Amino acid sequence: MSIRYRYTLFLIVFLAIVGVFTALGIQQWVAPTLVQGEQRNINSVLHALVHEILSELSEVQAQQRVITQTVPLLESDQIDKQLGAMIDQYGKKLVFGGGVWPLPRKRDSNVVKNSTFIHRDGSGKLVTNTYWNSPESQNYYEQSWYKDGLNAPVGQCAWAPAYRDSASPEARTNCSMGIRVNGEAYGVSTIDVTLGFFNGLAAEKEKELNGQLLIFERDGKILNNSSGLQGDAILKNVSELASQSPFLAEVKDYLGSASNQETYSSEYENAKDGEDYSFFVRDVPGTPWLLAVSIKTSLLSAATDSVMTTLAAIQIPIALAIVFFGLMAFTQLSKRLGVLRANIDILSTGEADLTKRIQISSHDEVGSVAESVNTFIKYLAAMIGELSVSSKQISGIVSEVEKQSRENYRMMNKHAGETEQVVTAVTEMAATAESVAKNATETSTFTEEASRSAQKSKETVSRARGSVVDLSRRVTEAVENVNTMRQEAQLISNVINVIRGIAEQTNLLALNAAIEAARAGDQGRGFAVVADEVRALAARTQNSTEEIDGMLNRLESGVSVVVNAMSGMKDSSEVVVKDNEELTLGLDKVLSSFDEINDLNTHIATAAEEQSQVSDKISENMSEISMIISELTKLAQNSEASMNQLSSANEGLNGLVSRFKL
């Protein structure tokens with residue numbers, strides 16, 4: 001594909017990409033802004049509608065303030081006379097009526113229900129209605145609208161949900177406001193407002209928005225007739241009519257979501273026409289009412305479509321003009337490049353005449369390229385000339401290098417033989433060093449085993465010495481215990497002597513008592529029996545003490561023998577301890593000698609190992625040197641072959657250079 005078609009295609013693709021990104025940019029950034037602007041317009045319309053509704057309601061609230069401020073100043077009969085004028089002070093038909101609803105017995109202490117209620121009859125005239133004062137009516141002061149008005153802030157309406165009663169078929173709501181006299185609650189004043197004015201406002205805004213508008217309460221009660229609803233829908237519930245209208249179905253879903261936002265928006269699809277709709281909800285502050293609007297989403301994006309159409313109308317002719325002029329420019333450029341190519345083809349054919357140059361017709365970019373080609377031809381001619389001179393010089397150098405290469409090859413062969421002899425000697429030296437290192441290592445191993453055996457013997461002797469020392473200590477303790485026993489036996493012997501003396505004295509006393517009893521005759525016979533028993537007891541005591549004394553003598557003799565034996569054992573233990581200490585010292589010297597021998601063996605093994613490693617390193621280095629020399633020999637052979645090839649290539653180069661005409 002030629003340049004003009006290729007770059008024209010590139011230009012078309014580029015313009016298409018620009019168009020696509022422009023459309024995406026509009027959809028991504030411009031379109032949302034335009035849609036938001038339309039949504040703001042809708043919110044502005046809703047805000048204006050809310051303002052109109054609140055304006056109407058504010059007039060009613062102003063009327064209520066007049067009534068609640070005037071009633072406390074009037075007598076009871078004056079309230080009935082002035083109430084009609086105060087209710088109809090603006091003369092608007094949307095005000096259906098109103099009333100004053102005092103608390104029980106506030107207006108008259110004897111009357112519970114004493115209200116005044118005025119409303120319009122069928123002809124629009126204000127008439128008085130006394131139904132709420134009748135016994136059959138419900139207590140008005142118990143109604144929710146009454147309680148809301150009584151508890152509302154001073155000067156503000158409490159708007160009741162929409163309703164319809166027997167007083168009139170007109171659907172309406174009422175503004176309930178509390179009446180206070182001297183700061184105390186007096187009752188409630190109401191003004192009833194018909195919902196008819198909602199229909200006019202809703203119809204006007206539906207035309208302005210080109211959509212549907214619905215005013216409803218949070219319980220789903222409808223307050224106006226929308227264009228999308230059939231028949232009278234006022235006071236009907238949204239849930240009853242949701243199946244007839246997708247718009248009402250969306251309102252039902254909104255009420256089911258229990259959203260409390262001041263403004264709400266969403267989108268839904270209308271199954272009847274297949275269109276997407278934008279849904280907006282806004283509440284009316286201070287009232288139980290909400291406004292809902294449904295508009296086709298396509299109407300919101302109409303501005304975006306208009307922008308896209310306008311951009312397309314502007315960009316397409318511009319793009320076609322750019323493509324046309326681009327094609328013309330690329331065609332002209334292609335022609336000039338064709339001429340330049342033809343001149344270069346002529347230059348590169350024939351006898352390679354480097355004296356020819358390209359003709360330059362204009363001094364633009366293409367002319368600059370031709371001028372650059374001429375400069376290159378000039379440079380090429382100079383380079384070929386220098387190459388011819390250099391080629392001749394190379395021929396002479398190559399001959400000299402060939403001679404030098406052959407001499408290098410001969411020297412390399414000689415050096416390789418000598419290197420092999422050195423490698424053999426180093427290998428033998430490494431083997432000897434390795435054997436010495438191995439023997440030293442084995443000697444060190446034997447020495448370590450002998451050292452461990454001596455260490456174990458030393459430990460055994462140490463344990464024996466400890467046992468002997470412990471035995472000597474125990475013998476010493478036994479000797480001390482036996483000596484203590486001997487001393488206690490002597491103390492017992494002393495006690496026995498005392499007992500023997502007491503027994504002898506007792507025997508004498510008993511003998512004397514027997515003599516005295518004999519002298520006493522029959523009167524001393526009982527005492528004589530006691531004296532005989534005492535003498536017998538003293539005799540037995542003497543016999544026992546003699547036996548104990550004998551036993552103590554034998555015990556003392558045995559203790560003396562044991563003490564002598566233990567003293568001999570203690571002396572023997574001390575001799576064994578001294579022998580163990582001498583043996584331990586001897587084993588310490590043996591261990592020290594083994595450590596010194598082991599250190600010497602370690603030094604010998606380390607030195608032999610280092611010598612072996614050095615020998616191995618030298619052997620490796622010599623092997624590498626041998627390999628390097630072998631490689632150098634091969635390189636010398638290859639160098640000789642390369643020199644032959646270089647000589648042949650140089651001859652070919654001379655032939656090639658001679659083909660150029662300089």
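**Helix α6 and the strands around β11**

In strand β11, residue K296 is the bridge partner of Y277. This briefing, which concerns a predicted model, starts from that pairing and then turns to helix α6, whose buried residues are covered by elements that include β11.

**Strand β11 and its partners**

- Strands β10 and β11 run antiparallel and are joined by 7 bridges, and in the hairpin that they form, with 5 residues between the strands, G286 takes a positive phi near 80°.
- Strand β8 also pairs with β11 in the antiparallel sense, here over 6 bridges, and L214 stands opposite A292 of β11.
- Strand β11 is mostly covered, since 7 of its 8 residues are buried.

**Length and start of helix α6**

- Helix α6 consists of the 12 residues 246-257, which at 1.5 Å a residue should span 16 Å, and because its end C-alpha atoms are 17 Å apart, the model agrees with that expectation.
- At the N-terminal end of α6, S245 acts as a cap, with a side-chain oxygen lying 3.2 Å from the backbone nitrogen of F247.

**The buried side of helix α6**

- The residues F247, L248, E250, V251 and Y254 of α6 are buried, meaning that each has under 20% relative accessible area.
- These buried residues cover an arc of only 155° around the axis, and therefore they lie on the same side of α6.
- An α-helix has 3.6 residues a turn, so residues three or four places apart point the same way.
- The cover over the buried residues of α6 includes the strands β8 (212-217), β9 (263-269), β10 (276-283) and β11 (289-296), together with helix α5 (238-241).

Methods: Residues are numbered from 1 along each chain as its sequence is written. This is a predicted model: local features need pLDDT of at least 70, side-chain atom pairs count only at pLDDT 80 or more; totals for chains, interfaces and linings use all residues. Side-chain values use heavy atoms; hydrogens and water are left out. Helices (H or I, at least four residues) and strands (E, at least two) are DSSP runs, numbered from the N terminus. The expected span of a helix is 1.5 Å times one less than its number of residues. Buried means under 20% relative accessible area, exposed over 50%, partly exposed in between (1.4 Å probe, protein chains only). The arc is that of the directions from the helix axis to the C-beta atoms. Contact means heavy atoms within 4.5 Å. A polar contact is a pair of N or O atoms within 3.5 Å; within protein, one must be able to donate a hydrogen and the other to accept it, and residues adjacent in sequence count only if both atoms are side-chain atoms. Two strands pair if DSSP finds at least two bridges between them.
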